[in-house]
Each structure stands twice: as structure tokens, then as C-alpha cells.
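Dear colleague,

Please find the structure below, handed over for your records. My notes on what was found in it follow.

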Amino acid sequence: MVKVRIENETKEEKFKRIAESRVNKILEQIAILRNCSNTQVYSYSESQVNRIFKALEEELRATKLAFHGNKKTRRGIRL
């Protein structure tokens with residue numbers, strides 16, 4: 001991982017640069033996860049799908065709360 005430091009960059013500019021990059025990476029990973037829905041290649045239960053989306057929704061909710069001042073610990077998922 002390469003840390004980029006831009007001289008005289010404001011906090012807002014830094015936020016925009018980093019947040020945009022991170023959001024785009026997350027969106028790419030979600031698109032890759034979508035590939036797991038291919039039933040010709042994978043087999044899964046409704047329960048497993050529900051656990052995946054519950055974990056994603058909880059992490060998204062915790063992240064949204066963090067932007068409003070409420071810090072919450074990170075969780076993972078086990079299928």
C-alpha cells in the first residue's frame with residue numbers, strides 16, 4: 001500500500017480523495033461478490049445468503065453511524 005501525501009492538501013481534499021478511492025474499491029468487491037450468485041458454479045442456502053446481507057447491512061449501518069459520531073466495533077461473518 002502506497003501512502004500518498006499531497007503538499008498543502010486540505011482535510012476536505014484528503015477526505016474526498018481517500019473516500020472516493022475506498023468507496024470505488026468496495027463497489028468493485030460487491031460486484032465480485034455478485035458472481036457468487038451463479039448457481040451453475042456455486043451452491044448456497046437461503047440462510048447463508050441472509051447472513052451475508054445481514055453482515056453487510058450491519059457494517060454499512062455502523063459506518064453510517066460513525067459519520068454521525070457513534071463509533072462501533074467491526075464485525076465479520078462466518079458461513
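A salt bridge, as the term is used here, is a side-chain nitrogen of Lys or Arg within 4 Å of a carboxyl oxygen of Asp or Glu. On that criterion, the structure holds three salt bridges. Please note that this is a predicted model, and that the values in this message are computed from it.

Salt bridges

Glu9 is paired with Arg17, and their closest N and O atoms lie 2.9 Å apart. Both partners fall in the intermediate class of exposure: Glu9 is partly exposed at 22% relative accessibility, and Arg17 is partly exposed at 28%.

Glu12 forms a salt bridge with Lys16, with 3.5 Å between the closest N and O atoms. These two residues belong to helix H1 and are four residues apart, about one turn of the helix. Both Glu12 and Lys16 are exposed.

In helix H2, Glu58 forms a salt bridge with Lys54. The closest N and O atoms of this pair are 3.9 Å apart, a separation that satisfies the criterion because the limit is 4 Å. Glu58 and Lys54 are likewise four residues apart, about one turn of the helix.

Overall architecture

The secondary structure of the protein chain consists of two helices and zero strands. Helix H1 covers residues 11–34, and helix H2 covers 46–66. The protein chain has 79 residues, of which 1% count as buried. The chain exposes about 7,900 Å², and carbon and sulfur atoms supply 54% of that area.

The aromatic pair

How many aromatic pairs does the structure hold? There is one. The pair is formed by Phe15 and Phe67, whose ring centres are 6.2 Å apart and whose planes stand at 75°, so the arrangement is edge-to-face. The pair links distant parts of the chain: Phe15 is in helix H1, whereas Phe67 is in the segment after helix H2, and the two are 52 residues apart.

Are these two rings' residues buried or exposed? Phe15 has a relative accessibility of 46% and therefore counts as partly exposed. Phe67 reaches 59% and therefore counts as exposed, because the exposed class begins over 50%.

The nonpolar surface patch

Val23, Ile26, Leu27 and Ile30 make a nonpolar surface patch of about 350 Å². Of these residues, Leu27 is found in helix H1. Leu27 has a relative accessible area of 49% and is partly exposed, because the exposed class requires over 50%.

The largest pocket

The largest pocket has a volume of about 970 Å³. Its lining comprises 24 residues, and those nearest its centre are Ile26, Leu56, Glu59, Leu60 and Thr63. The elements that give two or more residues to this lining are H1 and H2. H1 gives the most, with 10 residues. Ile26 thus appears in two of the features described here: Ile26 is part of the nonpolar surface patch, and Ile26 is also among the residues nearest the centre of the largest pocket.

With kind regards

Note on methods
Residues are numbered from 1 along each chain as its sequence is written. This is a predicted model: local features need pLDDT of at least 70, side-chain atom pairs count only at pLDDT 80 or more; totals for chains, interfaces and linings use all residues. Side-chain values use heavy atoms; hydrogens and water are left out. Patches are made of residues with over 30% relative accessible area and no salt bridge: like charges are joined within 9 Å, nonpolar side chains (Val, Leu, Ile, Met, Phe, Trp, Tyr) within 5 Å. Accessible areas come from the Shrake-Rupley method with a 1.4 Å probe; for residues, only the protein chains shown count as cover. Buried means under 20% relative accessible area, exposed over 50%, partly exposed in between (1.4 Å probe, protein chains only). Rings of Phe, Tyr and Trp (its six-membered ring) pair if their centres lie within 6.5 Å; planes under 30 degrees apart count as stacked, over 60 as edge-to-face and the rest as tilted. On a 1 Å grid over the protein atoms alone, a cavity is a set of points where a 1.4 Å probe fits but cannot get out, and a pocket is an open set with protein on both sides within 12 Å along at least five of seven lines; lining residues have an atom within 4 Å of a point. Grid points are joined across faces, edges and corners, and a volume is the space filled by probe spheres set on the points.
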